[in-house]
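Here's a walk through a ligand site, a helix pair and one arginine. Take a look at the model, then read on.

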Amino acid sequence: MTKVAEAFDVIVLGAGAAGLMCALTAGQRGRRVLLLDHADRVGAKILISGGGRCNFTNLHCAPDRFLSGNPDFCRSALHRYTQDDFIALVERHRIAYHEKTLRAIVAMLLAECTQGGVDVRVGHTVTDLSAADGFRLTTSGGSFSAASLVLATGGLSIPKMGATGFSYEVAQRFGLRIAEPLPALVPLKATPDMLGLPALLAGVSLDAIASCAGQSFRENILFTHRGLSGPAILQISSYWRPGDLIALDLAPAHDAAAFLLDRKQSRPRAEPKTVLAEILPGRLAQALAEACLPLAAMANIPDRMLTSFAARLKHWEVRPTESEGWPKAEVTLGGIDTRDLSSKTMAARNVPGLYAIGEAVDVTGWLGGYNFQWAWSSGWCAGEALSSHP
Ligand SMILES: Cc1cc2nc3c(=O)[nH]c(=O)nc-3n(C[C@H](O)[C@H](O)[C@H](O)COP(=O)(O)OP(=O)(O)OC[C@H]3O[C@@H](n4cnc5c(N)ncnc54)[C@H](O)[C@@H]3O)c2cc1C
């Protein structure tokens with residue numbers, strides 16, 4: 001005998017940033033919402049984002065800071081639920097912006113879910129999903145039915161935290177297209193040889209401009225044991241494809257040629273590595289001097305050698321072999337194709353009752369709060385739409 005399924009209006013699959021926002025929004029508008037996750041707690045990625053430079057939104061959020069097959073797709077959602085809306089919610093909960101904020105953000109979202117009567121269940125692995133007169137889900141913990149199903153299981157980054165391609169599989173089953181998922185905001189691999197340097201410089205970091213595919217970012221870069229990381233590299237990694245060159249301006253604050261020619265006059269007896277250390281970290285200055293300039297006093301180095309080295313310093317070309325992949329990628333580029341979704345409601349165009357939100361969708365933000373804001377905005381839009389259209 002088939003077990004009777006527990007009935008809801010909406011099932012949200014994935015209790016991350018987007019799923020929580022969608023569930024609380026639909027719940028507070030009177031829908032009976034079930035929020036399911038296979039992990040044993042909600043919002044795990046919100047919690048781990050605490051390390052380093054986490055931002056739960058960005059004050060300068062704008063559509064041009066997102067990558068997508070359709071760069072205009074995110075425009076409507078970002079406009080309808082803005083960074084100011086999320087900040088107002090945080091302030092309503094009297095959360096101070098300090099290091100423990102993220103734990104408080106998850107608690108806030110859960111409190112809002114409770115207020116909306118959302119049924120939150122964790123530790124549920126989906127074993128069967130069918131669609132006929134709505135959706136029916138069987139999980140390791142029960143059987144559920146609803147008129148609407150929201151795919152909010154995120155992307156493929158950090159598989160050890162439970163990331164799966166489940167939303168993609170379900171979307172494909174219902175005929176939606178998938179833009180190839182690729183690791184993004186990810187460190188890149190390059191040996192010292194490929195970096196054009198004689199030694200490993202792991203741990204050295206400096207202000208630089210990283211450029212690739214017509215895009216540039218000025219922030220720190222970090223040499224690692226395997227290649228390059230740091231904010232400027234993570235940012236440019238979203239635009240880089242295997243085989244591409246990345247150009248680095250290693251002295252963005254300086255006219256390097258003028259600087260070197262000046263020091264030839266003012267410090268004629270100094271070695272190049274000592275002069276370079278005025279504008280670069282010491283270990284990098286030494287490695288560059290060894291690789292590119294003669295072991296001689298500045299006075300004895302021809303001007304043309306200094307100016308051609310300066311040009312290289314401003315346009316240091318690196319061809320990384322590959323990225324560090326899913327285990328190190330902060331987000332996923334690509335995902336459920338926006339051509340098959342409504343930009344206003346996140347509903348699938350041709351599958352009544354099916355929605356997709358958050359990182360599962362082919363919308364990827366820059367580093368620094370944009371990805372969470374996309375999760376909040378897309379989650380809110382779907383939740384809002386669900387309150388009027390089951
Ligand atoms: C280390 C790190 C730091 C980051 N820092 C920032 C930052 O500072 N600012 C920023 O904006 N973004 C940051 N991000 C990105 C941000 O965390 C994500 O973009 C955001 O969490 C996406 O929200 P989501 O709800 O779409 O997906 P997720 O938050 O990934 O949530 C998906 C949920 O679905 C669940 N799930 C997955 N598969 C299944 C399944 N088969 N069945 C049931 N449940 C499933 C998961 O357990 C998870 O709870 C960071 C990411 C990482 C990895």
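## Around the ligand

The ligand is surrounded by 30 residues (a residue is near if one of its heavy atoms lies within 4 Å), and the closest are Ala18, Asp37, Thr164, Glu359 and Phe372. Keep in mind that this is a predicted model, where local features need pLDDT of at least 70, side-chain atom pairs count only at pLDDT 80 or more, and totals for chains, interfaces and linings use all residues. Residues are numbered from 1 along each chain as its sequence is written, and side-chain values use heavy atoms, with hydrogens and water left out.

Backbone atoms come up against the ligand at these places:

| Residue (backbone atom) | Ligand atom | Distance |
|---|---|---|
| Ala17 | oxygen | 3.0 Å |
| Asn55 | nitrogen | 2.9 Å |
| Gly369 | oxygen | 3.4 Å |

On its own the ligand exposes 1000 Å², and the protein buries 92% of that (accessible areas by the Shrake-Rupley method with a 1.4 Å probe).

Which helices supply at least two residues each to the shell? They're H1 (17–28), H2 (44–48) and H13 (370–388), with helices being DSSP runs of H or I, at least four residues, numbered from the N terminus. H13 gives the most, with 4 residues. By class, the shell has 13 nonpolar, 12 polar and 5 charged residues; here Ala, Val, Leu, Ile, Met, Phe, Trp, Tyr, Cys and Pro count as nonpolar, Asp, Glu, Lys and Arg as charged, and the others, Gly among them, as polar.

## A crossing pair

The axes of H4 (residues 83–92) and H5 (residues 101–115), lines fitted to C-alpha atoms over the stretch in contact, come within 10 Å and cross at roughly 90 degrees. H4 and H5 are therefore roughly perpendicular to each other (65 to 115 degrees). Phe86, Leu89, Val90 and Arg92 of H4 meet Ile105, Met108 and Glu112 of H5 in this contact (heavy atoms within 4.5 Å). Sorted by class, that's 5 nonpolar, no polar and 2 charged residues.

## Arg263

Arg263 sits in helix H9 (residues 256–266). Its side chain makes a polar contact of 2.6 Å with the side chain of Asp262, and another of 2.7 Å with the side chain of Glu278. A polar contact is a pair of N or O atoms within 3.5 Å; within protein, one must be able to donate a hydrogen and the other to accept it, and residues adjacent in sequence count only if both atoms are side-chain atoms. Leaving aside residues up to four places away in sequence, Arg263 touches Pro268, Val275, Glu278 and Met298.

Terms used: Axes are lines fitted to C-alpha atoms, for helices over the stretch in contact, and angles run from 0 to 180 degrees between N-to-C directions. Angles under 35 degrees count as roughly parallel, over 145 as roughly antiparallel, 65 to 115 as roughly perpendicular and the rest as oblique.
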